[in-house]
Amino acid sequence: MKKTKLMQAALITGALFLAGCTNHVTQKEKFSGFLGDYSNLTEVKTASGNPVLRWIDPSFKKANYSYLKYEPITFYPEPKPTPQISKETLQGVLDYANSRLKPAMADRLQLTDHAGPRTLIFRGAITGVNTSAEGLQFYEVIPVALVIASAETASGHRTRDTEVYFEGELIDASTGKPVIKVVRKGFGKQVSNDTQKVTANDLKVVIDGLANDTKLFQSN
């Protein structure tokens, strides 16, 4: 009886610990430094209901801008491929992000190559985070994190969530100051264990959600 109660307590504690690790917004310790200042970010819901961290300059007015200079999304920092996440997968995610985000932003403002008057500059990055390879201990910096998603099953395997972290900002070309910042975490398809290869297709749903919310975003 005593052993059974101890096992129940351990399972409950483990479940709570795992639940606490599956955060739907980026935690402060995962901020990459790409944006520089994160102090004014607050948690909000996007038009599609996804939780993100965002800041909008109180004086920002969309009507003041007619053009957008799109700077291609990059990795920050440069990723380190792993046996589970190959260089090809990482490059595929980056290429797909640019192919979806650029036209999504072109739907909102006319694209330009010049940072002139009435222009916003977009900067964005798939940012470096940690990956879990043993239990819940994080140890390696790459732009796609594999995090334990469930307790060990009877077969001895663990399912894992695939996650993509994104940071971006819009900068007023005339002042050089940010007017909008966003930090976002998205979930791709689950993989069955820590040896199943992750493909770019597994992660495209994250980019699709980001592009969709870009199109639906409303401000003053």
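**Salt bridges in the predicted model**

E169 is buried, with a relative accessible area of 6%. I begin with this residue, in what is a predicted model, and turn next to its partner.

The side chain of E169 forms a salt bridge with that of R123, with 2.3 Å from N to O. This pair joins distant parts of the chain: E169 belongs to strand β10, residues 160-172, whereas R123 belongs to strand β6, residues 119-127, and the two are 46 residues apart. R123 has a relative accessible area of 24%. Because buried means under 20%, R123 does not fall in that class and counts as partly exposed.

Let me now move to a second pair. Which residue meets E163 in a salt bridge? The partner is K185, at 3.7 Å from N to O. E163 lies in strand β10 and K185 in strand β11, residues 178-187, so this salt bridge ties together parts of the chain 22 residues apart in sequence. Are these two side chains buried or exposed? E163 is buried, its relative accessible area being 1%, and K185 is likewise buried, at 8% relative accessibility.

The third pair is K69 and E71. Their salt bridge has its closest N and O atoms 3.7 Å apart. K69 is partly exposed, with a relative accessibility of 21%, and E71 is also partly exposed, at 29%.

How many salt bridges does the whole structure hold? A search finds 6, among them the pairs E169 with R123, E163 with K185, and K69 with E71. With that, I conclude my presentation.

Methods: Residues are numbered from 1 along each chain as its sequence is written. This is a predicted model: local features need pLDDT of at least 70, side-chain atom pairs count only at pLDDT 80 or more; totals for chains, interfaces and linings use all residues. Side-chain values use heavy atoms; hydrogens and water are left out. A salt bridge is a side-chain nitrogen of Lys or Arg within 4 Å of a carboxyl oxygen of Asp or Glu. Buried means under 20% relative accessible area, exposed over 50%, partly exposed in between (1.4 Å probe, protein chains only). Helices (H or I, at least four residues) and strands (E, at least two) are DSSP runs, numbered from the N terminus.
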